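Let's take a walk through this protein, starting with the overall layout and then stopping at a few places along the chain. Keep the 3D view open as you read.

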Amino acid sequence: YDWLFWVDCDLFFMNPAKTVDALIHAAFTRTPDASLLIAEDGMMLNSGSFLLRNNAWGKDFLARTVDLLSAPMPQSFQHMPWHEQAPLMYLGLVPSVLEGLQSVPSMPGPLSAGYDSHVVLLRQRALNSYPQELVQKTKHALPHDGFEEGDLVISFNGCSSVLGREFC
């Protein structure tokens with residue numbers, strides 16, 4: 001397989017007419033290095049749904065994520081409040097920031113604050129939209145994108161803690 005598509009158990013496919021191939025093609029139009037397709041919600045990268053390319057970069061990224069989760073305390077990310085999302089953020093952002101820091105003396109321009117060039121951010125609605133009720137209840141603090149008819153998926157992660165088990 002060329003890609004791994006990870007989805008959490010509380011994510012549901014809603015539109016069989018939309019294809020994963022279309023997401024991959026859109027990412028390749030942005031960069032031929034695309035290897036991790038992921039979305040941000042109102043807080044950070046959201047690992048409830050992502051695509052990881054089966055190439056050297058993707059395998060290394062996955063291995064380093066697992067290493068950070070299984071490392072002994074206090075280096076492990078496994079007890080962080082965002083679990084696997086913390087190492088994904090760390091591995092996706094820190095390399096470009098460190099690269100920017102190494103070039104500071106010779107480069108007067110700003111440091112890179114973006115993701116690694118292999119990481120392609122998709123709109124939240126492309127991979128991880130939330131129920132509109134959750135979006136409305138949390139909009140005062142977190143700007144999430146809500147599910148709209150025609151979206152590929154809807155994600156209920158964290159839904160029961162905000163709206164209750166009866167709803168979610």
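What follows goes from the whole chain to its cores, then to one helix and three single residues.

Before anything else, bear in mind that this is a predicted model. The protein holds six helices and six strands, and if you trace the elements from the N terminus on, they read β-β-α-β-β-α-α-β-α-α-β-α. Of the 168 residues, 41% are buried. Among contacts with a separation of 6 or more, 61% join residues 24 or more positions apart. As for the outside, the accessible surface is about 9,800 Å², and carbon and sulfur atoms account for 60% of that.

Now for the inside. Which residues touch the most other members of the largest nonpolar core? They are Leu23, Leu37, Leu51, Val120 and Leu122, out of 15 residues in that core. At least two residues of this core come from each of α1 (20-30), β3 (36-40), β5 (119-122) and α4 (124-127). The biggest giver is α1, with three residues. There is also a second, separate core of ten residues, with Leu36, Leu52, Phe61 and Leu88 included.

Leu51 is a good one to click on. Setting aside neighbours within four places in sequence, Leu51 is in contact with Trp3, Leu4 and Phe5, with Val20, Leu23 and Ile24, and with Ser35, Leu36 and Leu37. Leu23 and Leu37 in that list also turned up among the core members that touch the most others, while Leu36 is included in the second core.

Phe61, another member of the second core, takes us to helix α2. This helix covers residues 56-70, 15 residues in total, and reaches 21 Å from its first C-alpha to its last, close to the 21 Å expected at 1.5 Å a residue. Which residues of α2 are buried? Trp57, Gly58, Phe61, Thr65 and Leu68 are. Look down the axis of α2 and these buried residues fall within an arc of 100 degrees, so they line one face of the helix. Ala56, Lys59 and Ser70, on the other side of α2, are exposed. At the N-terminal end, Asn55 acts as the cap: one of its side-chain oxygens sits 3.3 Å from the backbone nitrogen of Trp57.

Next, head for the loop between β5 and α4, where you'll find Arg123. Is Arg123 buried or exposed? Arg123 is exposed, because its relative accessible area is 54% and the cut-off for exposed is over 50%. Although Arg123 and Ala39 are 84 residues apart along the chain, their C-alpha atoms are separated by 5.8 Å.

Gly146 makes a nice contrast, sitting in the loop between α5 and β6 (153-155). Gly146 has a relative accessible area of 8%, and since buried means under 20%, Gly146 counts as buried. Apart from neighbours within four places in sequence, Gly146 is in contact with Arg125, Ser129, Tyr130, Gln132, Val135 and Asp151. Gln124 is 22 residues from Gly146 in sequence, and the two are 8.5 Å apart in space, C-alpha to C-alpha.

Last stop: Thr138, in helix α5 (residues 132-138). Thr138 is buried too, with a relative accessible area of 10%. Not counting residues up to four places away in sequence, Thr138 touches His144 and Val162.

Definitions and conventions
Residues are numbered from 1 along each chain as its sequence is written. This is a predicted model: local features need pLDDT of at least 70, side-chain atom pairs count only at pLDDT 80 or more; totals for chains, interfaces and linings use all residues. Side-chain values use heavy atoms; hydrogens and water are left out. Helices (H or I, at least four residues) and strands (E, at least two) are DSSP runs, numbered from the N terminus. The expected span of a helix is 1.5 Å times one less than its number of residues. Buried means under 20% relative accessible area, exposed over 50%, partly exposed in between (1.4 Å probe, protein chains only). The arc is that of the directions from the helix axis to the C-beta atoms. A polar contact is a pair of N or O atoms within 3.5 Å; within protein, one must be able to donate a hydrogen and the other to accept it, and residues adjacent in sequence count only if both atoms are side-chain atoms. Contact means heavy atoms within 4.5 Å. Accessible areas come from the Shrake-Rupley method with a 1.4 Å probe; for residues, only the protein chains shown count as cover. A nonpolar core is a set of buried Ala, Val, Leu, Ile, Met, Phe, Trp, Tyr and Cys residues joined through side-chain atoms within 4.5 Å.
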